[in-house]
Amino acid sequence: MRATRLVRHSGPGNGGGTPDRAGRVLDQSSASGVEGVDPYVIHQGNEDAMSELTGKGAIVTGSTHGIGVAVAERLVAAGMHVVVSSRTPAKVEEVAARLSQSGPGRALGIACDVRDPEQCKALCLRAEDAFGGIDSMVYNTGIYQRAEFEEITPEFWDNMHAINV
């Protein structure tokens with residue numbers, strides 16, 4: 001059994017891919033049409049590892065845009081069943097429907113505010129019920145709030161800590 005490797009693609013628009021250690025050039029892919037995103041993707045030449053993902057369940061938080069949706073796309077393309085999650089119910093449903101159509105895996109949209117432990121528990125239970133288990137978790141949720149030192153309140157700090165940690 002070979003492990004899945006992550007390979008970083010070269011930047012968008014340069015017309016080529018990044019050679020791996022064996023000198024093979026990987027295809028240049030975009031992250032859901034998101035300009036400027038330079039995603040890490042599952043190495044497409046490792047078919048044994050890719051087939052091991054088929055039918056497995058995953059949760060990807062923060063997966064309605066950017067890197068999170070790119071990760072969810074690759075997992076669904078590898079045959080995994082993926083929970084698309086963010087705080088916005090309409091957006092998770094929209095992204096999950098689009099990913100399910102692309103297959104071969106399927107996607108389920110579940111809104112969740114990761115600051116709320118009860119919502120996180122419900123997210124995991126729904127994923128487990130839908131897919132028969134959770135084999136992978138990608139915690140892609142994070143915020144960056146700028147503030148001058150004297151502007152940082154306990155509430156400001158608690159909110160950033162609850163989301164990022």
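This passage describes a sheet, the helices that pack on it and a surface patch in a predicted model.

The sheet is open and consists of 4 strands, arranged in the order E5-E4-E3-E6 with parallel pairing. Its edges are formed by strand E5 (107-109) and strand E6 (136-138). Each of these two strands has a single partner strand, so one side of each is left without a neighbour in the sheet. On average, neighbouring strands of the sheet are turned by 20 degrees against each other, direction ignored.

The pairing at the E5 edge can be described in further detail. Strand E4, which covers residues 81-85, runs parallel to E5 and is joined to E5 by 3 bridges. Val 84 stands opposite Gly 109, a residue of E5.

Two helices are described in relation to these strands. Helix H3, made up of residues 89-102, lies across E4 and E5, and runs at about 170 degrees to E5. Helix H4, made up of residues 117-131, also packs on the sheet. The strands touched by H4 are E3 (57-61), E4 and E5. The direction of H4 makes about 155 degrees with that of E4.

A further feature concerns the surface. Phe 149, Ile 152 and Trp 157 form a nonpolar patch there, and together these residues have about 400 Å² of accessible area. Trp 157 belongs to helix H5, which spans residues 154-164. The relative accessible area of Trp 157 is 53%. Because exposed residues are those with over 50% relative accessible area, Trp 157 is classed as exposed.

Technical notes
Residues are numbered from 1 along each chain as its sequence is written. This is a predicted model: local features need pLDDT of at least 70, side-chain atom pairs count only at pLDDT 80 or more; totals for chains, interfaces and linings use all residues. Side-chain values use heavy atoms; hydrogens and water are left out. Patches are made of residues with over 30% relative accessible area and no salt bridge: like charges are joined within 9 Å, nonpolar side chains (Val, Leu, Ile, Met, Phe, Trp, Tyr) within 5 Å. Accessible areas come from the Shrake-Rupley method with a 1.4 Å probe; for residues, only the protein chains shown count as cover. A salt bridge is a side-chain nitrogen of Lys or Arg within 4 Å of a carboxyl oxygen of Asp or Glu. Buried means under 20% relative accessible area, exposed over 50%, partly exposed in between (1.4 Å probe, protein chains only). Two strands pair if DSSP finds at least two bridges between them. Axes are lines fitted to C-alpha atoms, for helices over the stretch in contact, and angles run from 0 to 180 degrees between N-to-C directions. Contact means heavy atoms within 4.5 Å.
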